[in-house]
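Thanks for sharing this one. I have put my comments together as a few numbered points, so please have the structure open as you read.

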Amino acid sequence: QEATLRFDYLVSSLLSSRATRDIATMNPYLGDDGTKRVFDLVTGLMMKANRLGHANRCVRVAKELAKLLRALQKMDAAKAKSDPVVAQGIILKAAELALFTTAERHFVAPRKAGGKLRFDPRFLVFEFTYNLLLRKSQVELVRQFMAALSQGNSLCHQMIMGAGKTTVVGPMLALLLATGKSLSLIHI
């Protein structure tokens, strides 16, 4: 009897060091090539779903910008010149839209030989789970913390409000440090 592979189980198994063995236990008919193909498909689906979520955020910001531009269009010239709130709102929304539409995935890097992409799937699972796109500064900071830990050093870093301490960096570190072999304490 063939087992059904649930998507949520496949996503969470990307976090496991025993993922291949676990999937083989669930469905021994897949074999090594089939298991690799399943993980490739799950990874691709998560990347596409994440990009769709990000595209929806871009559309939302574009609609907000269009609303501001329509409001400006309805104003007479004297009111438009004397109302800095509308102009500043347009500038901020346009900058936000530009930032969103040029956003990249910063945890994916091309492999030197072979041209294949390499990445830590835990970053992808985190993005997928919370429907967000990790910023370059967040990925770099998390990697700095992990590098310090691997060298036996502690690290303290100050972040400004809104940079993702509570929503991204803390939970991402908790995910990366959850090995089951040690107790990790993160103070935010």
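1. Let me begin with the charged residues: R60, E64, K93 and E96 are joined in a network of salt bridges. For the term, I take a side-chain nitrogen of Lys or Arg within 4 Å of a carboxyl oxygen of Asp or Glu. By this rule there are six salt bridges.

2. A word on the basis of these remarks. This is a predicted model, where local features need pLDDT of at least 70 and side-chain atom pairs count only at pLDDT 80 or more, while totals for chains, interfaces and linings use all residues. Residues are numbered from 1 along each chain as its sequence is written, and side-chain values use heavy atoms, with hydrogens and water left out.

3. Within the network, R60 pairs with E64, their closest N and O atoms lying 3.3 Å apart. Both residues belong to helix α3, four residues apart, or about one turn of the helix. (Helices are DSSP runs of H or I with at least four residues, numbered from the N terminus.) R60 is partly exposed at 39% relative accessibility, and E64 is also partly exposed, at 27%; here buried means under 20% relative accessible area, exposed over 50%, and partly exposed in between, with a 1.4 Å probe and protein chains only.

4. E64 has a further partner in K93, with the closest N and O atoms 2.6 Å apart. This pair links distant parts of the chain, since E64 sits in helix α3 and K93 in helix α5 (residues 84-101), 29 residues apart.

5. Please look at K36 and D40 too, whose side chains form a salt bridge at 2.9 Å, N to O. They are about one helical turn apart because they lie four residues from each other in helix α3 (residues 31-74). D40 is partly exposed, with 39% relative accessibility.

6. Now to helix α8 (residues 165-177): which of its residues are buried? They are V168, V169, G170, M172, L173, L176 and L177. Viewed down the axis of α8, these buried residues fall within an arc of 165 degrees, so they line one face of the helix; the arc is that of the directions from the helix axis to the C-beta atoms.

7. The buried residues of α8 pack against α6 (121-130) and α7 (136-150), contact meaning heavy atoms within 4.5 Å. On the face of α8 turned away from its buried side, you will find the exposed residues T166 and T167.

Terms used
Helices (H or I, at least four residues) and strands (E, at least two) are DSSP runs, numbered from the N terminus.
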